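Subject: Structure for your files

Hello,

Here is the structure I said I would pass on. My notes follow below it.

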Amino acid sequence: MEPQFGLKRPDQVKEAPDQGERVPPGQFLSKRFPVLTYGSRPEVDISLWTFRVFGVVDQEITLSWKQFTELDWVTLTADFHCVTQWSALDQSWEGVRAATVLDLAGVRPQAKFVMAHCFGGYTTNLPLDMVLEEGFLAHRHNGAELGKDHGWPLRLIVPSRYAWKSAKWVNGLELMSEDSPGFWEQRGYNNNADPWKEERFWPELTR
Ligand SMILES: Nc1nc2c(c(=O)[nH]1)N[C@H]1C(S)=C(S)[C@@H](COP(=O)(O)O)O[C@H]1N2
Ligand SMILES: [Mo]
């Protein structure tokens, strides 16, 4: 599949007055929460499920689902912005802060970037500071378990970036000293992915 260059802009942006300032440029509000997956959905067997933290860490760890459920679970409410131009406000997520699992492994000072790995092979890269600050590993969404198409049993949520950074079926975080592009970042999507700056694609592709 080709990256989606040359997105069409909706002619009319519909939004409630008080929500307008929360919808980034070029986005429209969606009442639904569509499924966006490249390729087919991986089948995840929770009895075999593991989550790895590896790379530039003091001690690599592998958590079972049971171990994961025993971590500190919290709730996050955040807006969600997909690069295909839909935004959904006030999504609530239940799970564990990424910082909690990174602390278990012990991040070494040389670590500056994170690669999220997923069942099915999808990857996405992020700066470590961003992951520590807002990265969230969600199992529940708006009061129910994640749907299978939305990343069950666990997905990453990075609210301040376009949603391709919110990796579904996540099964590991790799700490890296150098940045390295993930699946869409290798295929023309912007490395920084800030929706408020409309960082959709690599600058060279939009000139
Ligand atoms: N593993 C994986 N995660 C993924 C994707 C994917 O194809 N595979 N698509 C990304 C994209 S482009 C978006 S917009 C969001 C969509 O999440 P949703 O399907 O729950 O709406 O998931 C992101 N995470
Ligand atoms: Mo997306």
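How many salt bridges does a search of the whole structure find? The count is ten. Please keep in mind that this is a predicted model, so to speak a computed one throughout.

One of the salt bridges joins the side chains of D149 and R41, with an N to O distance of 2.8 Å. The two partners come from distant parts of the chain, 108 residues apart. D149 belongs to the loop between β9 (144-145) and β10 (155-157), while R41 belongs to the loop between β1 (28-29) and β2 (50-55). As background, side chains of opposite charge can pair when their charged atoms come close.

The loop between β9 and β10 also holds P153. The peptide bond that leads from W152 into P153 is cis, and its omega is near 5°.

A second backbone feature is at A193. This residue is not a glycine, yet its phi is positive, at about 60°. A193 lies in the loop between β11 (170-176) and α4 (203-206). For both features the background is that most residues other than glycine have a negative phi, and most peptide bonds are trans.

Now the ligand. Where does ligand 1 sit? Ligand 1 occupies the largest pocket. Around ligand 1 there are 19 residues, and the closest are P34, Y38, H150, R155 and K168. Sorted by class, this shell consists of 14 nonpolar, three polar and two charged residues.

Three of the closest residues have polar atoms that I can list with distances to an oxygen atom of ligand 1:

- Y38: a backbone N or O atom, at 2.7 Å
- H150: an N or O atom of the side chain, at 2.5 Å
- K168: an N or O atom of the side chain, at 2.5 Å

How much of ligand 1 does the protein bury? Taken alone, ligand 1 exposes 530 Å², and 97% of that is buried by the protein.

If you open the model, I would start with the surroundings of ligand 1 and then turn to the loop between β9 and β10, where both D149 and P153 are found.

Regards

Technical notes: Residues are numbered from 1 along each chain as its sequence is written. Chains are lettered from A and ligands numbered from 1 in the order in which they are written. This is a predicted model: local features need pLDDT of at least 70, side-chain atom pairs count only at pLDDT 80 or more; totals for chains, interfaces and linings use all residues. Side-chain values use heavy atoms; hydrogens and water are left out. A residue is near a molecule or strand if one of its heavy atoms lies within 4 Å of it. A polar contact is a pair of N or O atoms within 3.5 Å; within protein, one must be able to donate a hydrogen and the other to accept it, and residues adjacent in sequence count only if both atoms are side-chain atoms. Accessible areas come from the Shrake-Rupley method with a 1.4 Å probe; for residues, only the protein chains shown count as cover. On a 1 Å grid over the protein atoms alone, a cavity is a set of points where a 1.4 Å probe fits but cannot get out, and a pocket is an open set with protein on both sides within 12 Å along at least five of seven lines; lining residues have an atom within 4 Å of a point. A molecule sits in a cavity or pocket if more than half of its atoms lie within 2 Å of its grid points. Ala, Val, Leu, Ile, Met, Phe, Trp, Tyr, Cys and Pro count as nonpolar, Asp, Glu, Lys and Arg as charged, and the others, Gly among them, as polar. A salt bridge is a side-chain nitrogen of Lys or Arg within 4 Å of a carboxyl oxygen of Asp or Glu. Helices (H or I, at least four residues) and strands (E, at least two) are DSSP runs, numbered from the N terminus.
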